Amino acid sequence: MAAVFLVMLYEYSPLFYIALVFLCFLVTTAVIFGWFVWDIPVIVRQSESGSGPVVQTKRMVQVKNPFALEIVHPFAASVAGGITLKSHCTEKCTLTIYWGCSVHKLNEGLQKHVYCFRLKMPQKLEEAIDKEYLHREEFLIEKESDDEKFSRLPQCLSIKDFGNLPRARYPLVVLLTLTEEENRDIYEIVSMVTVIHVPDEKYKLACRILYQYLLTAQGHVYDLKRLFISADDGSLPAGIPTEIDAMDKKLLEKFGTAEGEFDSWKESSKDCVVCQNAPVNWVLLPCRHACLCDCCITYFKQCPMCRECISESFALISSGAPTEDCVENKADPILEEIWEDPDEGNIQEGVNAMMDF
């Protein structure tokens with residue numbers, strides 16, 4: 001009966017088309033405003049949304065990081081051929097390299113920094129890990145120096161690989177510490193431990209930084225995390241190289257950027273993924289995508305890149321609370337600073353040092 005009625009309505013009355021259009025309008029409106037419980041990302045103003053939790057702004061504190069470490073030519077590094085490292089420190093520091101450091105002992109040593117004694121010097125770390133390493137080298141790094149240091153396992157050890165997974169030893173552990181005692185009282189961060197994968201005969205993956213830990217004078221150990229930002233070749237300024245090896249360096253750690261290059265980047269980069277008209281300034285958690293400007297952050301409850309729900313967010317350059325008015329941020333860039341969460345102990349390195357293209 002209903003079918004006969006619909007056929008008659010279709011043949012003799014324009015009400016069928018009116019009803020069909022009205023039904024489509026209702027369904028579309030329901031999808032846009034989230035009336036249905038579907039995992040569909042929508043753009044809404046937080047003030048207009050009556051459901052769902054409000055995105056919290058994480059309180060962050062800027063902390064000066066005196067250490068910077070970069071792998072020079074990561075694709076050329078290997079256990080047999082050695083590795084070249086370049087460090088840039090704001091004060092005179094000591095670069096200590098440990099080949100074949102025990103995984104278990106290193107984790108114990110980091111725990112001892114929290115509960116027992118502070119790892120402010122290489123000797124303290126060696127005591128904490130019971131000297132469970134195969135080879136050790138030490139270099140003195142002058143203040144504001146960009147000298148490259150080469151390290152390789154001695155041939156007398158006859159080590160070609162570090163065994164199968166799960167491995168008992170890290171290929172390379174690098175420790176950066178402040179050399180002068182008075183500098184250890186100035187900086188909150190007193191040392192940085194970097195775990196590096198170096199390719200060998202069994203695992204030929206490219207050399208890369210696996211973990212980086214910042215150790216503070218108060219006994220905290222912070223795990224550095226990358227920030228991910230989207231940028232195509234057309235949005236990159238001329239001052240930033242686009243070769244593959246240069247991009248890999250940015251993925252690992254981008255340090256030592258000249259002030260003029262960064263100013264050029266700040267002026268020409270309009271890389272907010274939504275409006276494409278303002279620089280990125282907000283990091284979304286927990287996905288760690290840095291993709292929104294001060295204006296667009298107020299419109300989203302889901303990450304526009306991965307669609308994960310945003311639990312918290314924080315600004316890379318403090319400019320007050322986010323507003324709906326797009327105001328150009330004129331704050332000076334911070335090249336070698338990190339953002340510390342005083343509540344949970346999370347540290348996110350600055351966008352200038354952790355940019356993922």
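Okay, two strands count as paired here if DSSP finds at least two bridges between them. Keep that in mind, since we start with strands, and keep in mind too that this is a predicted model.

So, first stop: the open sheet. This sheet has four strands, in the order β1-β14-β12-β13, and the pairing is mixed. Which strands stand at the edges? Those are β1, residues 56-57, and β13, residues 289-292. Each has a single partner strand, so one side of each is left without a neighbour in the sheet.

Now look inside that sheet. Strand β12, residues 282-285, is joined to strand β14, residues 312-315, by four bridges, and the two run antiparallel. If you want a spot to click on, take Trp282, which stands opposite Ala315 in β14. And for anyone new to sheets: strands pair through backbone hydrogen bonds, either parallel or antiparallel.

Next, strand β8, residues 169-178. This one is mostly covered, with nine of its ten residues buried. What does β8 pair with in the antiparallel sense over nine bridges? That's strand β5, residues 93-102. Here Trp99 stands opposite Leu172 in β8. Then there's strand β9, residues 189-197, which is antiparallel to β8 and joined to β8 by six bridges. Over there, Val173 has Val195 of β9 standing opposite. A handy thing to remember while you scroll along a strand: in a regular strand the side chains alternate between the two faces of the sheet.

Let's move to the surface. Phe22, Phe25 and Leu26 make a nonpolar patch of about 330 Å². Phe22 is found in helix α2, residues 15-32. Is Phe22 buried or exposed? Exposed, with a relative accessible area of 52%, and the cut-off for that word is over 50%.

Okay, cysteines. How many disulfides does the structure hold? Zero. Take Cys291 as an example: the closest cysteine sulfur is in Cys303, and at 4.4 Å that is too far for a bond. The cut-off for a disulfide is sulfur atoms within 2.5 Å. Cys306 is in no disulfide either, and its nearest cysteine sulfur, again that of Cys303, is 3.7 Å away. As for cover, Cys291 is buried, at 0% relative accessibility, whereas Cys306 is partly exposed, with a relative accessible area of 34%.

Aromatics next. The structure holds two aromatic pairs. One of them is Tyr211 with Tyr213: the ring centres are 6.2 Å apart and the planes sit at 20°, so this pair is stacked. Tyr211 is partly exposed, at 37% relative accessibility, while Tyr213 counts as buried, at 15%.

Last topic: salt bridges. The count comes to ten, and I'll walk you through a few.

Start with Glu142 and Lys92. Their closest N and O atoms are 4.0 Å apart. Why is this pair worth pointing at? Glu142 lies in the loop between β6 (135-141) and β7 (148-151), and Lys92 lies in the loop between β4 (83-87) and β5, so the pair ties together parts that are 50 residues apart in sequence. Glu142 is partly exposed, at 38% relative accessibility, and Lys92 counts as partly exposed too, at 26%.

Then we have Arg136 and Glu138, whose side chains meet in a salt bridge at 2.4 Å, N to O. Arg136 is partly exposed at 28% relative accessibility, and Glu138 is partly exposed at 42%.

One more pair: Glu181 and Arg184, with the closest N and O atoms 2.6 Å apart. How many residues apart are these two in helix α5? Three, so about one helical turn separates Glu181 from Arg184; the helix itself covers residues 181-186. The cover on the two partners is worth a look: Glu181 is partly exposed, with a relative accessible area of 43%, but Arg184 counts as buried, at 9%.

And there's also a network to find: Lys105, Glu108 and Asp130 are joined into one by salt bridges that share partners.

That's my tour. Go and click on Trp282 and find Ala315 standing opposite in β14, then hop over to Glu181 and Arg184 in helix α5.

Conventions: Residues are numbered from 1 along each chain as its sequence is written. This is a predicted model: local features need pLDDT of at least 70, side-chain atom pairs count only at pLDDT 80 or more; totals for chains, interfaces and linings use all residues. Side-chain values use heavy atoms; hydrogens and water are left out. Buried means under 20% relative accessible area, exposed over 50%, partly exposed in between (1.4 Å probe, protein chains only). Patches are made of residues with over 30% relative accessible area and no salt bridge: like charges are joined within 9 Å, nonpolar side chains (Val, Leu, Ile, Met, Phe, Trp, Tyr) within 5 Å. Accessible areas come from the Shrake-Rupley method with a 1.4 Å probe; for residues, only the protein chains shown count as cover. Rings of Phe, Tyr and Trp (its six-membered ring) pair if their centres lie within 6.5 Å; planes under 30 degrees apart count as stacked, over 60 as edge-to-face and the rest as tilted.
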